[in-house]
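Thank you all for coming. Please take a moment to look at the sequence and the model before I begin to walk through them.

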Amino acid sequence: MRRTRFAYAKAGAMLCDLQPCIAAQGHLFLQTADPIKRAALNKVMDDINRQWEQGSIRVATAGFNHGWKMRQNTLSPYWTTRWADLPVAR
């Protein structure tokens, strides 16, 4: 006897954070780090910022507020995308 209808269900598996057990990434700025090493790291960062420019080196958690803007000299005219900006012949 042959069955013609089967109930199928689609399933998937996600594999995240795959890495070898011996190659675990450490946390550079973890709060529980050695306070002596942390103080030395902060001093080095302060020295670099003093020598060059304030903010030239910082931790990634401080955020990235770049003072740059996009170059917009090659933008298409707005009338190519906005009805209100179409040129009017008079």
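I would like to begin with Arg50 and Asp47, which both lie in helix H1, three residues apart, or about one turn of the helix. When I say helix or strand, I mean DSSP runs numbered from the N terminus, a helix being H or I with at least four residues and a strand being E with at least two. Before going further, I should say that this is a predicted model, in which local features need pLDDT of at least 70 and side-chain atom pairs count only at pLDDT 80 or more, while totals for chains, interfaces and linings use all residues. Residues are numbered from 1 along each chain as its sequence is written, and side-chain values use heavy atoms, with hydrogens and water left out.

Arg50 forms a salt bridge with Asp47, and the closest N and O atoms of the two are 2.9 Å apart. By a salt bridge I mean a side-chain nitrogen of Lys or Arg within 4 Å of a carboxyl oxygen of Asp or Glu. Asp47 also forms a salt bridge with Lys43, where the closest N and O atoms are 2.9 Å apart. Asp47 and Lys43 are separated by about one helical turn, because they are four residues apart in helix H1.

How accessible are these three side chains? Arg50 is exposed, with a relative accessible area of 61%, and Lys43 likewise counts as exposed, at 51% relative accessibility, whereas Asp47 counts as partly exposed at 30%. These words have fixed limits, since buried means under 20% relative accessible area, exposed means over 50%, and partly exposed lies in between, with a 1.4 Å probe and protein chains only.

A search of the whole structure finds three salt bridges, and one of them joins Asp85 to Arg82, with the closest N and O atoms 3.3 Å apart. Asp85 counts as partly exposed at 31% relative accessibility, and Arg82 counts as partly exposed at 43%. Salt bridges that share partners, on the other hand, join Lys43, Asp47 and Arg50 into one network.

Arg82 has a further role in this picture, for Arg82 lies over the face of Tyr78, at 4.0 Å from the ring centre. A charge is taken to sit over a ring if NZ of Lys or CZ of Arg is within 6 Å of the ring centre and within 35 degrees of the ring normal.

Let me return to the helix. Asn49 lies in helix H1, which covers residues 35-51, and Asn49 is buried, with a relative accessible area of 9%. Which residues does Asn49 touch, not counting residues up to four places away in sequence? Asn49 touches Gln54, Gly55, Ser56 and Ile57, where contact means heavy atoms within 4.5 Å.

In the segment after H1 we find Arg58, which counts as partly exposed at 40% relative accessibility. The C-alpha atoms of Arg58 and Ile48 are separated by 9.8 Å, the two residues being 10 residues apart along the chain. Trp79 is also found in the segment after H1, and Trp79 counts as partly exposed, at 45% relative accessibility.

Finally, a few words on the protein as a whole. There are one helix and zero strands in the protein, and buried residues make up 2% of its 90 residues. The accessible surface comes to about 10000 Å², of which 58% belongs to carbon and sulfur atoms; such areas come from the Shrake-Rupley method with a 1.4 Å probe, and for residues only the protein chains shown count as cover.
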